[in-house]
Amino acid sequence: MSGNAQGPVLAVSNLSKSYGPTRVLADVDLSVQPSQVVVVIGPSGSGKTTLLRCCNGLEVADRGRIEVCGTTLFSDGRLLRDSELNALRTRVGMVFQSFNLFPHLTVLQNVTIGPRRIRRKAPSEAVEQARALLHKVGLADKADALPGTLSGGQKQRVAIARALAMEPQLMLFDEPTSALDPELVGEVLQVMKALARDGMTMLLVTHEMNFAREVADVVVVMDHGRTVESGPPSTIFSAPSQARTRAFLQAVIER
Ligand code: ADP
Ligand code: MG
């Protein structure tokens with residue numbers, strides 16, 4: 001992975017993808033600079049998840065270009081070769097709406113398995129790192145618990161610790177709180193806020209508008225696979241230029 005201290009961590013240009021006749025991404029341009037938090041908002045079905053999944057190679061676009069830390073992940077309809085793709089995936093952490101923890105492994109094992117298997121970390125080092133990360137997400141006392149005994153908010157915090165254990169240069173979050181009971185949303189947002197404060201580069205999809213307003217450097221509005229507009233939260237939330245943004249925000253706020 002080539003280091004590029006100055007360039008964007010993620011650069012997406014002219015990205016397009018269709019499922020059959022359905023255009024899911026239409027010439028999407030987006031970039032995330034080091035330590036930036038970019039929040040993608042938009043109605044259901046607008047292509048947000050597909051965009052995120054393209055950014056770590058889980059999904060293959062049809063056209064356009066994606067660069068991660070200066071390395072081309074996708075270009076001219078083709079992904080990197082498998083070996084390179086795996087190396088790149090370790091640089092991009094992803095947290096999903098459904099936590100996807102290994103149910104038969106303890107919390108600690110869920111966090112150490114990636115570093116041990118993929119990054120070939122020594123067990124003692126992986127455990128030490130995992131304990132520090134669990135402390136960071138407020139779950140030091142749950143190291144030996146099985147995921148099934150945890151609340152949704154705790155599971156999602158384990159999933160965040162697990163992604164961080166790979167020492168990613170970019171974290172992708174796809175509606176990380178939307179499967180949670182309302183009273184558990186705050187604890188996950190707190191962890192994400194702390195990450196942003198620590199300078200983690202983040203691209204996230206959320207319907208938590210207060211969080212977006214507070215934490216985002218840039219808000220990107222998507223609709224029907226297109227970027228409708230983007231800008232600082234103060235502009236997007238208070239003085240959006242596009243009617244579609246206004247309509248979406250109104251619908252979300254009135255819920
Ligand atoms: P969002 O995350 O904004 O709700 P998605 O990226 O999940 O949007 O989906 C965008 C559109 O692509 C939707 O119309 C969805 O039905 C369609 N879509 C997503 N995944 C698939 C798939 N695997 N096959 C066919 N259509 C899909
Ligand atoms: Mg989605």
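Two strands are said to pair if DSSP finds at least two bridges between them, and helices (H or I, at least four residues) and strands (E, at least two) are DSSP runs, numbered from the N terminus. The structure to be toured is a predicted model, in which local features need pLDDT of at least 70 and side-chain atom pairs count only at pLDDT 80 or more, while totals for chains, interfaces and linings use all residues. Residues are numbered from 1 along each chain as its sequence is written, chains are lettered from A and ligands numbered from 1 in the order in which they are written, and side-chain values use heavy atoms, with hydrogens and water left out.

**The whole chain**

Begin with the whole chain in view, where there are nine helices and 11 strands. Along the principal axes, the C-alpha atoms fill a box of roughly 50 × 45 × 35 Å. The radius of gyration, taken over C-alpha atoms, is 18 Å, which agrees with the value near 18 Å that a compact globule of 255 residues would have; the globule rule is 2.2 Å times the number of residues to the power 0.38. Of the 255 residues, 52% count as buried, where buried means under 20% relative accessible area, exposed over 50%, and partly exposed in between (1.4 Å probe, protein chains only). If contact means heavy atoms within 4.5 Å, then residues 24 or more positions apart account for 65% of the contacts with a separation of 6 or more.

**The hairpin and its sheet**

Select residues 10-19, strand E1, together with residues 22-32, strand E2, which pair in the antiparallel sense over seven bridges. In this pairing Leu10 stands opposite Val32, and Val12 has Leu30 as its bridge partner. The two strands form a hairpin with two residues between them, and in the turn Gly20 has a positive phi of about 55°.

Widen the selection to the open sheet of five strands, which runs in the order E2-E1-E4-E5-E6 with antiparallel pairing. E2 and strand E6 (78-79) stand at the edges and have a single partner strand each, so one side of each is left without a neighbour in the sheet.

**Strand E3 and its partners**

Move next to residues 37-41, strand E3, where five of the five residues are buried. Both faces of E3 are covered, with Val37, Val39 and Ile41 on one side and Val38 and Val40 on the other.

Which strands should be added to the view of E3? One is strand E9 (residues 202-205), with which E3 pairs in the parallel sense over four bridges, and there Val38 has Leu203 as its bridge partner. Another is strand E10 (residues 218-223), also paired with E3 in the parallel sense over four bridges; in E10, Val221 stands opposite Ile41.

**Thr112 in helix H3**

For the last stop, select Thr112, which lies in helix H3 (residues 107-117). Is Thr112 buried or exposed? Its relative accessibility is 6%, so Thr112 counts as buried. Leaving aside neighbours within four places in sequence, show Ala126, Val127 and Ala130, with which Thr112 is in contact. Finally, draw the C-alpha to C-alpha distance from Thr112 to Ser124, which comes to 9.8 Å for two residues that are 12 residues apart in sequence.
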